[in-house]
Amino acid sequence: MASVSEAKSLVLDRITHRFASGTMAVSDINLDVKGGEIIALLGPSGCGKTTLLRIIAGFIGQSEGRVIIGNDVVDALPPNRRAVGIVFQNYALFPHLSISENVGYGLAARGVDKATRNKEAQRLLDMVQLGPFGERLPRQLSGGQQQRVALARALAIKPSILLLDEQEALSMADRVAVLSHGHLEQFGTPSEIYDQPQTLFVNTFVGTANRVTGTVIATDADGVKVALDAGGEIIARAPKPVRASDKVIVCLRPEHLTFVSDDSGFAGEIGMALPLGATVVHEIKAKDGSSIKISQARTGGTPLREAGTPVRVAPLAPGLATVFPQ
Ligand code: ADP
Ligand code: MG
């Protein structure tokens with residue numbers, strides 16, 4: 001990030017944390033982040049995101065593993081000596097201090113004189129487009145404005161690493177770490193996470209995916225051929241090794257499917273048709289009771305298909321279906 005002074009790399013080396021209550025909040029996390037890279041932590045509530053940020057910032061001492069910033073192992077350093085800026089989910093502004101004093105707080109704690117503090121606070125408030133609000137109290141600002149004050153406050157200490165908790169960072173992230181129950185499921189670019197999910201959890205948590213069951217017929221260089229329980233065959237990619245006769249789950253994203261006229265793919269009849277403006281979603285119900293959804297761009301007024309019409313749908317390309325062991 002441009003505003004971070006002298007961005008440094010961050011390495012998490014086998015980080016594990018058990019709270020005194022016994023909860024294993026994060027388990028054996030390894031991450032290697034380059035200086036200046038923007039990383040998003042993604043996962044359901046309770047998967048360990050905030051705990052990991054607090055460990056990096058130094059508010060929690062991890063049970064096992066090391067935090068390395070630049071060339072230094074920082075485990076023995078308190079938060080104010082790590083040059084890590086953190087913006088908490090609830091912004092945590094001091095309610096009785098003015099906006100300007102909130103932004104200058106970290107500088108005051110470092111012994112910076114008042115005139116310099118005020119000047120720096122004004123520069124940062126201008127940067128987050130809150131220039132005129134320095135004299136107000138936090139409760140006199142909207143939630144979004146308070147969030148920008150918290151960002152300005154984190155930047156005031158010129159951090160080498162900036163951590164933002166729950167800030168919708170996915171769209172701006174260079175890479176995303178997906179967590180589930182304290183475990184790192186996958187670490188990759190947003191398109192790797194979306195297009196080449198490594199686990200069933202990532203495939204279904206990020207974006208939407210139909211799940212159907214089947215049995216592996218054969219595996220070769222083109223991918224894995226699967227006989228679907230609902231009838232029909234599909235070629236898919238397998239991030240984890242599978243073998244002939246293995247029972248598998250096949251994940252198909254609705255927007256990666258197309259209607260086909262041969263005997264490949266998932267067979268059924270049209271259930272519901274949902275015209276959603278620029279896209280149309282059709283539900284397809286198979287004889288065995290399973291159903292999947294296909295989503296298509298509605299170019300040139302693509303007609304809706306009538307309920308009960310027999311159809312087949314298959315992935316637009318073999319790599320767009322993914323199999324996982326059942
Ligand atoms: P997230 O930010 O991804 O929602 P957290 O890191 O806050 O998840 O929590 C991870 C797990 O650790 C949860 O099971 C949560 O209940 C537990 N936990 C978080 N903080 C504490 C704490 N101070 N004491 C005990 N357990 C905690
Ligand atoms: Mg959290």
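**Strand pairing and residue environments in the predicted model**

Asparagine 210 stands opposite leucine 252 in strand S13. In this predicted model, the pairing belongs to an antiparallel arrangement in which six bridges join strand S10, residues 210–220, to S13. Leucine 252 also stands opposite alanine 321 in S19. The pairing of S13 with strand S19, which covers residues 321–325, is likewise antiparallel and extends over five bridges. Strand S13 spans residues 247–252, and because five of its six residues are buried, the strand is largely enclosed by the rest of the structure. Such pairing rests on backbone hydrogen bonds between strands, in either the parallel or the antiparallel sense.

At the level of the whole chain, the secondary structure comprises seven helices and 19 strands. The radius of gyration is 25 Å, whereas a compact globule of 326 residues would have a value near 20 Å. The C-alpha trace extends over about 75 × 45 × 35 Å along its principal axes. Of the 326 residues, 43% are buried. Among contacts with a separation of 6 or more, 64% involve residues 24 or more positions apart. The accessible surface amounts to about 16,400 Å², and carbon and sulfur atoms contribute 51% of this area. With respect to charge, the chain carries 33 positive and 32 negative charges, and their mean positions lie 6 Å apart.

An open sheet is formed by four strands in the order S2-S1-S4-S5, and its pairing is antiparallel. Strands S2 (24–33) and S5 (72–73) occupy the edges; each has a single partner strand, so one side of each is left without a neighbour in the sheet. At the S5 edge, two bridges connect S5 in the antiparallel sense to strand S4, residues 64–69. Isoleucine 69 has aspartate 72 of S5 as its bridge partner.

Two residues of this sheet have a positive phi although neither is a glycine. Arginine 14, for which phi is about 50°, is located in strand S1, residues 10–18. The relative accessible area of arginine 14 is 46%, and the residue is therefore classed as partly exposed. Aspartate 28, also with a positive phi of about 50°, lies in strand S2. For aspartate 28, too, a relative accessible area of 46% corresponds to the partly exposed class.

Helix H1, residues 49–57, is mostly covered, with seven of its nine residues buried. The buried positions are Lys49, Thr51, Leu52, Leu53, Ile55, Ile56 and Ala57. In an α-helix, residues three or four places apart point the same way, because each turn takes up 3.6 residues. Helix H1 is followed by glycine 58, which has a positive phi near 95°.

Glutamate 101 is situated in helix H2, residues 99–103. Because the relative accessible area of glutamate 101 is 41%, this residue counts as partly exposed. Glutamate 101 and asparagine 118 are 17 residues apart along the chain, and their C-alpha atoms are separated by 7.7 Å.

Terms used. Residues numbered from 1 in each chain as written. Chains lettered and ligands numbered in written order. Predicted model: local features only at pLDDT ≥ 70, side-chain atom pairs only at ≥ 80, totals over all residues. Heavy atoms only, no water. Rg over C-alpha atoms; globule rule 2.2 N^0.38 Å. Buried < 20%, exposed > 50% of the residue type's maximum accessible area, 1.4 Å probe, protein only. Contact = heavy atoms within 4.5 Å. Areas by Shrake-Rupley, 256 points an atom, 1.4 Å probe, with all protein chains shown as cover. Lys, Arg positive; Asp, Glu negative; His and termini not counted. Charge placed at Lys NZ, Arg CZ, Asp CG, Glu CD. Pairing = 2+ DSSP bridges.
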